[in-house]
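Dear colleague,

I am handing over the structure below, followed by an account of what was found in it. Please read the notes with the structure open beside them.

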Amino acid sequence: MPEEAHALLESIPITKKPANDPEAADQPDLLGLRDRALIAIMVYSFAGIGAVIQMKVGDYFVQGRRRWVRLHEKGGKDHDVPCHHSLDQRLHDYIEAAGVTDDIDGYLFRTARRKTGQLTTNPLFQQDAHRIIRRRAKAAGIETRIGNHTFRATGITAYLKNSGKLEVAQQIANHESPRTTKLYDRRQDEISLDEIERITI
């Protein structure tokens, strides 16, 4: 659901107090910034988790006057998607705080050294990303079971609810067929819930 995705993104802390000096000013929470950018890219570009964790820093780039992301889809196909302004901001904040702007061949979403909150140069694995997402959802009080396709479905549903066209959603999601894109359209779920609530006893 779009409301849950919004609540999840807003709930992730992106600053923290230094561990050894609680009086000091807040500093960026690298893991919070990473996790927020990871979820945002799935929501705003309809990307699957497999494509996202393969991204390099250089896959967030300027073309024309705006930022784009390049996703490496199944079968070795590259797929470029323009950045939504909310995604652009979240990626920018994360990359700047991580200090990896010039590491264009380095992985964008990286594992962290245990307990230090510092990032390694190693990419997240799919199971790491799933764990991160489930942990963040739980912390935000979201009880809906979140799987690999949840954010893709959320993004596509929100787009179609705002008068988006199915064939454009198909293009953004890089689906071969509109039938595949339709599988991610959850608008009917909302309609049926409204109808169920008419049963007043």
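K17 is partly exposed, since its relative accessible area is 47%, and in this predicted model K17 forms a salt bridge with D26, with the closest N and O atoms 3.0 Å apart. D26 is likewise partly exposed, at a relative accessible area of 45%. As background, side chains of opposite charge can pair when their charged atoms come close. The count of salt bridges in the model comes to eight, and two others are described here.

One of them is formed by the side chains of R136 and D35, which meet at 2.8 Å, N to O. R136 belongs to helix α5 (residues 126-139) and D35 to helix α2 (residues 30-45), so this pair ties together parts that lie 101 residues apart in sequence. Both ends of the bridge can be placed by their accessibility: R136 counts as buried because its relative accessibility is 14%, under the 20% limit, and D35 counts as buried at 0%.

The other is the salt bridge in which the side chains of D103 and R110 meet, at 2.7 Å from N to O. Here the partners are placed on opposite sides of the 20% limit for burial, for D103 is partly exposed with a relative accessible area of 32%, whereas R110 is buried with a relative accessible area of 5%. Salt bridges that share partners also join R34, D35 and R136 into one network.

R110 leads on to a residue in a strand. T121 is found in strand β7 (residues 119-123), and, leaving aside residues up to four places away in sequence, T121 touches Y107 and R110. Is T121 buried or exposed? T121 counts as exposed, because its relative accessibility of 57% is over the 50% cut-off. As for its distance from another part of the chain, T121 and S11 are 110 residues apart in sequence, and their C-alpha atoms are 26 Å apart in space.

The remaining notes concern the packing of helices. Helix α2, which contains D35, packs with α6 at an angle of about 45 degrees, their axes being 6 Å apart, and the two helices are therefore oblique to each other. The crossing in which α2 passes α6 is right-handed. At this contact, I39, M42 and V43 of α2 meet F151, R152 and G155 of α6, and the residues involved divide into four nonpolar, one polar and one charged.

Helix α6 (residues 150-161) also packs with helix α7 (residues 166-173), where the axes come within 10 Å and cross at roughly 150 degrees. How are α6 and α7 oriented to each other? They are roughly antiparallel, because the angle of roughly 150 degrees is over the limit of 145 degrees. This crossing of α6 and α7 is right-handed. On the α6 side, R152, I156, Y159 and L160 take part, and they meet L166, V168, A169 and A173 of α7. The residues of this contact divide into seven nonpolar, no polar and one charged. R152 thus takes part in the contact of α6 with α2 and also in the contact of α6 with α7.

With best regards

Note on methods. Residues are numbered from 1 along each chain as its sequence is written. This is a predicted model: local features need pLDDT of at least 70, side-chain atom pairs count only at pLDDT 80 or more; totals for chains, interfaces and linings use all residues. Side-chain values use heavy atoms; hydrogens and water are left out. Axes are lines fitted to C-alpha atoms, for helices over the stretch in contact, and angles run from 0 to 180 degrees between N-to-C directions. Helices (H or I, at least four residues) and strands (E, at least two) are DSSP runs, numbered from the N terminus. Angles under 35 degrees count as roughly parallel, over 145 as roughly antiparallel, 65 to 115 as roughly perpendicular and the rest as oblique. A crossing is left-handed if the near helix is turned anticlockwise from the far one by less than a right angle, and right-handed if clockwise. Contact means heavy atoms within 4.5 Å. Ala, Val, Leu, Ile, Met, Phe, Trp, Tyr, Cys and Pro count as nonpolar, Asp, Glu, Lys and Arg as charged, and the others, Gly among them, as polar. Buried means under 20% relative accessible area, exposed over 50%, partly exposed in between (1.4 Å probe, protein chains only). A salt bridge is a side-chain nitrogen of Lys or Arg within 4 Å of a carboxyl oxygen of Asp or Glu.
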